[in-house]
Every structure is written in structure tokens, then in C-alpha cells.
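Welcome! Please take a moment with the sequence and the 3D view below before reading on.

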Amino acid sequence: MIIENLFNDVLLLKNDIFEDDRGSFSEIFNEKVFNKEGLNNHFLQDNISFSKDPGTIRGLHFQSNPFSQGKLLRVIKGSIEDFFIDLRRSSSTYEKFSSIKLSYETGSIYIPKGFAHGFCTLEKDTIVMYKVDQIYSKKHEGGIRWDDNFFKINWSLNNAMPIISEKDANLPSWDKIKDKLDL
């Protein structure tokens, strides 16, 4: 496994893919490898997201303390553009974001606690699997509007209308919540 630092603790893990005439095999998570790299996450929950259409936006989500989550994310089918915003006040990249296009072949991405996270699907029938190191808590759930004017994220929509849940469409803007967060 090759690990590349993408953006202040956000890591790309390039997984080995072993192929033969039947298809392929790839390891998603290996605790021994993670620990060797200084990542001592104890993942507690696995999630799968299925999106029927390209242009589906999920996010920008986070959980506040004490339920803040680190994530290990892998695209199983299709592709996405994955966005991560650093919400850690003490960080040199506080209020900055980056993104990466991910597919099965790209590898996994590790997003530490203290980040808002979201993605836009680039293909039909996209499946994303992710592990989290803290259980979900509705009380500690939070998010930022996908089209927030502060961040001005350029989602990969190719002039199409986004497909977004009512819940995500009604998330608050960053200026309304930033002083209230405990990440």
C-alpha cells in the first residue's frame, strides 16, 4: 500500500489490485498497515452509499465532538469527486478545502476527524463504501450547504442540475454555524 498526503492529514491509500481472468481482488483495510503508518483508528461502523444518477451530491457532512468521525472511503463502482473541508480551528488549512476524483482503481481516501465531507457522483449506479471510527449520533450531526458562498465549491456537474436530498439542501451556511462548532 502506498500512502500519499493529499491535504493536511487527508491521505490517499493506493491499494494493490490483484487481477486474473476471473476479475480482481483488493484489500480495503488492514489494521496492521494502518498502525504502521501511525493511524490508530478503531473503525466501528461500515456504510454503503448507492447513487443512481451522475450529479448526485451527498454532503457536506460532519459530526461534532465527542462523536467526530475519521473516515476511510473507497469507491466500489462508478466514480466520484470527493471534497473535504478542514474545520479544525488550530489547523494551518482551517476553512480551506480540496478534492480528488476517485474510482475503484484510484484507491481509498482517509479523512481525519474535524473535516466536513461530501461527494458528487460522476457516473450512473455509483457505490461508495466507507468505514467510520465513531458511531453516528443524530444529536452531533452537522453539515454545510453544498453551494455555500464562503467555500464556492465547483462541483462536477457539467452544467446539470444537482440531485440533492431535501435534508442536504436545507443545511445551514458556514457563517451561521462556524462559531458554534466543537470539532
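What follows is a short tour of a pocket and a sheet.

This is a predicted model, in which local features need pLDDT of at least 70 and side-chain atom pairs count only at pLDDT 80 or more, while totals for chains, interfaces and linings use all residues. Residues are numbered from 1 along each chain as its sequence is written, and side-chain values use heavy atoms, leaving out hydrogens and water.

Let's begin with the pocket. The largest pocket (an open set of points on a 1 Å grid over the protein atoms alone, where a 1.4 Å probe fits, with protein on both sides within 12 Å along at least five of seven lines) has a volume of about 620 Å³. Its lining counts 33 residues, meaning those with an atom within 4 Å of a point. Closest to the centre are Arg-58, Gly-59, His-61, Tyr-130 and Asp-168. Strand β6 gives the largest share of the lining, six residues; strands (E, at least two residues) are DSSP runs numbered from the N terminus.

The lining divides by residue class as follows.

| Class | Lining residues |
|---|---|
| Nonpolar | eleven residues |
| Polar | 15 residues |
| Charged | seven residues |

In this scheme, Ala, Val, Leu, Ile, Met, Phe, Trp, Tyr, Cys and Pro are nonpolar, Asp, Glu, Lys and Arg are charged, and the others, Gly among them, are polar.

Now to the sheet. Strand β6 also belongs to an open antiparallel sheet of five strands, ordered β9-β8-β11-β6-β13. Two strands pair if DSSP finds at least two bridges between them. At the edges lie β9 (97–103) and β13, each pairing on one side only. Further in, seven bridges join β8 (residues 79–86) to β11, where His-117 is the bridge partner of Phe-84.

Conventions:
Points joined across faces, edges and corners; volume = space filled by probe spheres on them. Helix = DSSP H or I, 4+ residues; strand = E, 2+ residues; numbered from the N terminus.
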